[in-house]
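Me: I should like to go through this structure and ask, for each label applied to it, what justifies that label. Please set each value against its cut-off.

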Amino acid sequence: MITPLLPTYARADLAFERGEGARVYTEDGTEFLDFSAGIAVNSLGHAHPHLVAALCEQAQKLWHTSNAFRISQQERLAERLAAATFADTMFITNSGTEAIECAIKMARRYHWSKGHPERYRLITFEGAFHGRTLAAIAAGGQEKYLEGFGPAVEGFDQVAFGDIDAVKAAIGPETAGILVEPVQGEGGLRTLSVMALRALRDLCDENGILLVLDEIQCGVGRTGHLFAHEPSGVTPDIMAIAKGIGGGFPIGACLASEEAASGMVAGTHGSTFGGNPLACAVGNAVLDVVLGEGFLQHVRDVSLRLRQGLAALQDAHPEAIEEIRGEGLMLGIKCKVPNKDVLAELRERRMLAVAAGDNVVRLLPPLIIDETDVADALERLDGAFAAVEAAAAPGDAA
Ligand SMILES: *Cc1c(COP(=O)(O)O)cnc(C)c1O
């Protein structure tokens, strides 16, 4: 018999009741070290006092008004994000997928408004993940998400990740832009090189097309920079963000330059919930902390310690670990043993991490972790890999 909840998830049999910092507690009080952060969402950990205060304060005043009216919290969030990035303007959403959907519509509409309605196609990359709406699964191009849902939304041309020659070859008179994650999350923690990102920017400029970045997972401090593309010196035309900006409250945004947004005039897009006062009060509170002095430096410092520890872990388990990947606190352990077995052993050791494609164990801790949390995580990882290796050792097989 079907459960009252649509069974689209194979859930672990664990339910949490409360959390504090990088720790979460089940209903029976068992403590877990959370290196999943709700899939890069709880950027400031659980029950961060500044976020709790901002949420409670706004909850007592006003939750929602609709976008028929001005929303001061939304205006403030947009002003601050614009000041901190390439963007001149943005649309606030409730999720990452909605931010991507807005980005796709904006890119198409830009060319339409310039008299080129034929330019509606986006070049995307193998291993991409852009969300679960019909357009987003078409953009991601993964068969497991497309199967059974009818003809894929038209207008996406996929090439190998980071293959600049293939991008060049794919650009045609119908191309509107290039959509890419600077660091692939779900695809297995693959980083687009600085050279590749610059080459994509150059190709966009040469062809009059738009560079659209999906920083839904890698943005908002996750890589040790406010946004992952920043060290390249390249700026996008459009960028989708979500996950970390809400710290656990559902909010996303589609940021854009004035030029790229020029087709999106009144009436072309909307959302009932998007950017309501409650969500934006929390988004502003996240920014207070992430933009605070020393915060991103902390992420870089603690990331370096974790990376050094993971390198040592690889040395200790060469039969189980192929490679350490990723940036900042968005790290992946590419496994030679099944990643699912490692995640199960980690759960036995009361630590949460996330699976990723390409047999990777993904580590997405809250950005507020300290060296004690890192040491704790490394110890549990060491135990989990040792257990998986022991179980796989020849002679033990029944
Ligand atoms: C999570 C994610 C999305 C989808 O965001 P939702 O909030 O789940 O809709 C899109 N792109 C990337 C890179 C993501 O990590």
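Me: Why does Ser66 count as partly exposed?

Reply: This is a predicted model, and the values discussed here are computed from it. Ser66 has a relative accessibility of 22%. Buried means under 20% and exposed means over 50%, so Ser66 falls in between and counts as partly exposed.

Me: What makes the backbone of Ser66 worth a remark, and where does this residue lie?

Reply: Phi of Ser66 is near 85°, a positive value in a residue other than glycine. Most residues other than glycine have a negative phi. Ser66 is placed in the loop between α2 (49–59) and α3.

Me: Which value of phi does Asn359 have, and where is this residue found?

Reply: Asn359 is not a glycine, yet its phi is positive, at about 60°. The residue belongs to the loop between β14 (354–356) and β15 (360–363). Its relative accessible area is 25%; this value lies between the limits of 20% and 50%, so Asn359 is partly exposed.

Me: How do you know that Asp376 and Arg23 form a salt bridge?

Reply: The closest N and O atoms of Asp376 and Arg23 are 2.9 Å apart. The cut-off is 4 Å between a side-chain nitrogen of Lys or Arg and a carboxyl oxygen of Asp or Glu, so the pair qualifies. Asp376 lies in helix α12 (residues 371–392) and Arg23 in strand β2 (residues 23–26), so the salt bridge ties together parts that are 353 residues apart in sequence.

Me: Are Asp376 and Arg23 buried or exposed?

Reply: The relative accessible area is 17% for Asp376 and 14% for Arg23. Buried means under 20%, so Asp376 is buried, and Arg23 is buried by the same limit. These two residues are also linked with Glu31, Asp373 and Arg380 in a network of salt bridges. The structure holds 18 salt bridges.

Me: What makes the contact of Lys114 with Glu259 a salt bridge, and which parts does the pair tie together?

Reply: The N to O distance between the side chains of Lys114 and Glu259 is 3.3 Å. That is within 4 Å, so the pair meets the definition of a salt bridge. Lys114 lies in the loop between α4 and β5 (121–125), and Glu259 in the loop between β10 (252–256) and α9 (277–290); the pair therefore ties together parts that are 145 residues apart in sequence. Lys114 is partly exposed at 42% relative accessibility, and Glu259 is partly exposed with a relative accessible area of 42%.

Me: How far apart in sequence are Arg201 and Asp205, whose side chains meet in a salt bridge?

Reply: Both residues lie in helix α8 (residues 194–207), four residues apart, which is about one turn of the helix. Their N to O distance is 2.9 Å. Arg201 has a relative accessibility of 12%, under the limit of 20%, and therefore counts as buried.

Me: Why is the pair of Phe16 and Phe32 called edge-to-face?

Reply: The structure holds three aromatic pairs. In the pair of Phe16 and Phe32, the ring centres are 5.4 Å apart and the planes stand at 85°. Centres within 6.5 Å make a pair and planes over 60 degrees apart make it edge-to-face, so both conditions are met. Phe16 lies in strand β1 (residues 16–20) and Phe32 in strand β3 (residues 31–34), so the pair ties together parts that are 16 residues apart in sequence. Phe16 is partly exposed at 34% relative accessible area, whereas Phe32 is buried at 3%.

Me: What kind of aromatic pair do Phe129 and Tyr145 form?

Reply: Phe129 and Tyr145 form an edge-to-face pair, with 5.8 Å from centre to centre and 70° between the planes. Phe129 lies in the loop between β5 and α5 (134–140), and Tyr145 in helix α6 (residues 143–146). Tyr145 is buried, with a relative accessible area of 13%. The charged end of Arg132 also sits over the ring of Tyr145, 3.9 Å from its centre.

How values were computed:
Residues numbered from 1 in each chain as written. Predicted model: local features only at pLDDT ≥ 70, side-chain atom pairs only at ≥ 80, totals over all residues. Heavy atoms only, no water. Helix = DSSP H or I, 4+ residues; strand = E, 2+ residues; numbered from the N terminus. Buried < 20%, exposed > 50% of the residue type's maximum accessible area, 1.4 Å probe, protein only. Phe/Tyr/Trp six-rings, centres within 6.5 Å; stacked < 30°, edge-to-face > 60°. Lys NZ or Arg CZ within 6 Å of the ring centre and 35° of its normal.
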